[in-house]
Amino acid sequence: MKKLLRAAIVYGVAAALTFTFNQVYALFAHGVASLWMSNMYAAPLVLGTFLFLMLAAVMPRVAEAPGYRLFFNVHASGVAVLTDAMGMQGVLDIAGGTSAIVPFFFYIGYGLLALSAVLLVRTLWQARRIRTA
């Protein structure tokens, strides 16, 4: 449970930092805003803080299950890549530019999050099996 709460706090701090980054960037953007950058904080908040608080409430011993560390690392990578993609798309929107590379960041981020969802289901199944044994 301690690991889950620590992860939720770290993701909450990341969400606060991305929100602050957006506010500071907006000061120098000459009144131009981007929906991607304005909502960049939502990725670590929803996919990180809320998810790990929910896991702590529903199944607090999941962090002890085999496979949890793999899920955690893949999930953290997915959230980081998705947050980065949102930030890059926001900067490009504000600057009025485009890039052929940014969509690949979204694909990779979503792919890692989908893989982490599969790993989470497997980890929860193993944790349940250990608990009943």
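User: What percentage of the 133 residues in the chain is buried?
Analyst: Keep in mind that this is a predicted model. A residue goes in the buried group when its relative accessible area is under 20%. Out of the 133 residues in the chain, the share that makes that cut is 36%.

User: And what secondary structure does the chain have, in order from the N terminus?
Analyst: There are 0 strands here, and the helices number 5. Reading from the N terminus on, the elements go α-α-α-α-α.

User: Does the length of α3 add up, or what span should its 17 residues have?
Analyst: Helix α3 covers residues 42–58, and its end C-alpha atoms sit 22 Å apart. The rule is 1.5 Å times one less than the number of residues. That agrees with the model, because the span α3 should have is 24 Å.

User: Is Phe 105 buried, partly exposed or exposed?
Analyst: Phe 105 belongs to helix α5, residues 102–132. Its relative accessible area is 27%. Buried needs under 20% and exposed needs over 50%, so Phe 105 counts as partly exposed.

User: Which residues is Phe 105 in contact with, leaving aside neighbours within four places in sequence?
Analyst: Contact here takes heavy atoms within 4.5 Å. For comparison, Ile 94 is 11 residues from Phe 105 in sequence, with 18 Å between their C-alpha atoms. With neighbours within four places set aside, the contacts of Phe 105 are Val 81, Asp 84, Ala 85 and Met 88.

User: How much of the chain's accessible surface belongs to carbon and sulfur atoms?
Analyst: The accessible surface comes to about 7900 Å². Of that, the part belonging to carbon and sulfur atoms is 72%.

Technical notes. Residues numbered from 1 in each chain as written. Predicted model: local features only at pLDDT ≥ 70, side-chain atom pairs only at ≥ 80, totals over all residues. Heavy atoms only, no water. Helix = DSSP H or I, 4+ residues; strand = E, 2+ residues; numbered from the N terminus. Buried < 20%, exposed > 50% of the residue type's maximum accessible area, 1.4 Å probe, protein only. Areas by Shrake-Rupley, 256 points an atom, 1.4 Å probe, with all protein chains shown as cover.
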